[in-house]
Amino acid sequence: MIRSLLLLPLLAAAPVLSAPKASPREAGAPTSASAPLTLDEVLRASARAAPQIIEALARERAAEGRALTAAGAFDTVFEVDGRSRALGYYDGSIVSARATRPLEGNGGYLYGGYRVSRGDFPIYEDEYYTNRLGELKVGALYSLLRDRLVDERRTRRTLAAGDIDIARFEREAVAIGVQRRAVDAYQNWVANGLRLRAYRDLLDLSENRRGALTRQVQLGARPEILLAENDQNLVRRRALVVRAEGDFQAAANALSLYYRDEAGNRVLVGTERLPADASALAGVAAAAQAQFAQTRPDLQVLLARIDQSAARLALAQNDLRPRFDLRGEAGKDVGDEGLGGRSRTPLEGIVGFRFSLPLQNRAAKGRIAEARAEIDALEARSRFLRDQIATEVEGINIGVGAAERLAGIAEQERQLAERLAAAERRRFELGSSDFFLVNQREETATDARVRLVDAQARIAAARAELAAATADRTALGLTR
């Protein structure tokens with residue numbers, strides 16, 4: 001009767017061990033569906049198909065588009081203008097074409113044009129007359145003071161180039177964060193799988209022992225209560241397996257956020273691809289490198305923003321300068337003499353200048369004060385970030401060392417616990433030990449095994465954190 005009651009929980013718990021239904025594609029990994037899943041495979045899939053990285057790449061392309069828009073201020077512009085009097089005393093018609101090319105190293109521009117006219121024009125439009133084949137004209141405007149070194153067009157281009165750098169650094173920061181979480185998800189999946197394997201091994205010991213105990217009870221060599229006690233342990237260990245299976249399935253679901261197939265679909269990985277041992281918990285090969293702070297994308301973003309503020313400051317200071325532009329132009333009418341007379345035929349050369357002085361320019365002064373304050377704030381933030389990075393990396397190194405020492409102790413504890421459990425099982429088989437003690441030894445050995453897995457997982461997590469803190473792109477699989 002007691003045996004029947006104890007077997008009821010076993011029958012009720014058995015269906016829980018069946019494979020769960022999942023919406024992501026199961027076991028259809030980008031490579032082999034049976035080979036152990038490696039961290040490198042997960043990192044490659046994450047770097048290729050993670051939606052956050054793809055989104056960051058799109059933002060970088062958007063910044064490149066804005067830079068192309070800013071570069072459009074230096075495009076050559078061609079325009080044609082024509083007019084003709086349809087009614088009235090005068091019948092003059094004129095067509096003119098002009099091409100203008102801004103200078104990329106100065107605020108001025110080059111231009112060239114052609115115009116041709118026919119008919120009569122009033123005296124106040126005398127400049128419209130040309131020879132029969134028209135007039136060719138070239139000229140240039142060159143800034144000597146304001147807009148000579150910097151102007152609004154070049155500043156917009158500089159700011160757009162800075163936006164590309166910022167978008168690239170932000171994309172790298174996103175990629176580092178994604179890969180860091182992918183490492184954590186993989187290590188958590190492996191750790192939960194190894195815990196599940198340990199609890200299943202513990203359950204197998206009880207299940208294998210039950211057959212031998214049943215025969216011994218039937219032969220009268222053991223009391224029947226011993227079989228009931230084994231069934232009780234069997235139920236408790238089965239509960240551990242069920243709980244571990246739930247944790248493993250949750251870890252596999254979290255891993256599918258980063259492990260994807262070629263089409264970018266999530267892949268749910270089962271126990272068939274679990275690594276054979278705990279070597280998969282070694283983690284990434286990260287180490288603090290010299291000048292690691294300079295490779296941090298968040299620091300690079302701050303430096304790029306400082307450069308942008310410096311460009312805005314230079315533009316505001318440029319607006320305080322007086323304007324002094326020098327202009328030169330050459331023109332030549334070609335063809336037979338037109339109605340304007342022979343005065344159009346000789347080669348013309350014209351030089352001129354333009355000067356202006358801002359007497360009050362509070363807007364530029366306000367922009368100068370704003371840009372300087374922004375630079376001071378960004379520099380203070382960058383100093384703090386450098387100190388924060390150094391402190392963070394030093395703390396992680398301390399954590400890695402402590403985790404490695406704890407893992408060494410956990411390994412010694414596991415070895416000793418497994419030796420004691422094996423020896424106690426032999427003593428129990430020879431009748432020199434009691435059932436309670438052998439179960440206690442087995443569970444202690446399993447607990448030590450699980451604690452070793454936890455310690456190894458902490459080492460892997462600390463190494464992944466160190467790789468992210470030092471922006472180690474090679475360790476995080478971002479250099480392919």
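Where is Asn-361 found relative to β8 and α7? In this predicted model, Asn-361 sits in the loop that joins β8 (348-356) to α7. Its relative accessible area is 16%, so Asn-361 counts as buried, the cut-off being under 20%. The side chain of Asn-361 reaches the backbone oxygen of Asp-319 at 2.9 Å. With neighbours within four places in sequence left aside, Asn-361 is in contact with Asp-319 and Leu-320.

Helix α7 itself spans residues 362-429 and holds Arg-427. Arg-427 is partly exposed, because its relative accessible area of 36% falls between the 20% and 50% limits. Arg-427 lies 11 residues from Val-438 in sequence, and the C-alpha atoms of Arg-427 and Val-438 are 8.6 Å apart in space.

The two residues described above compare as follows.

| Residue | Location | Relative accessible area | Class |
|---|---|---|---|
| Asn-361 | loop between β8 and α7 | 16% | buried |
| Arg-427 | helix α7 | 36% | partly exposed |

Turning to the nonpolar cores, the largest has 47 residues, and the members that touch the most others are Leu-37, Tyr-186, Trp-189, Leu-255 and Tyr-259. At least two residues of this core come from each of α2 (39-49), α4 (152-219), α5 (224-255), β6 (267-268) and α8 (435-469). The most is given by α4, with 15 residues. A second core, separate from the largest, is made up of 14 residues, among them Ile-306, Leu-385, Leu-466 and Ala-469.

How values were computed
Residues are numbered from 1 along each chain as its sequence is written. This is a predicted model: local features need pLDDT of at least 70, side-chain atom pairs count only at pLDDT 80 or more; totals for chains, interfaces and linings use all residues. Side-chain values use heavy atoms; hydrogens and water are left out. A nonpolar core is a set of buried Ala, Val, Leu, Ile, Met, Phe, Trp, Tyr and Cys residues joined through side-chain atoms within 4.5 Å. Buried means under 20% relative accessible area, exposed over 50%, partly exposed in between (1.4 Å probe, protein chains only). Helices (H or I, at least four residues) and strands (E, at least two) are DSSP runs, numbered from the N terminus. A polar contact is a pair of N or O atoms within 3.5 Å; within protein, one must be able to donate a hydrogen and the other to accept it, and residues adjacent in sequence count only if both atoms are side-chain atoms. Contact means heavy atoms within 4.5 Å.
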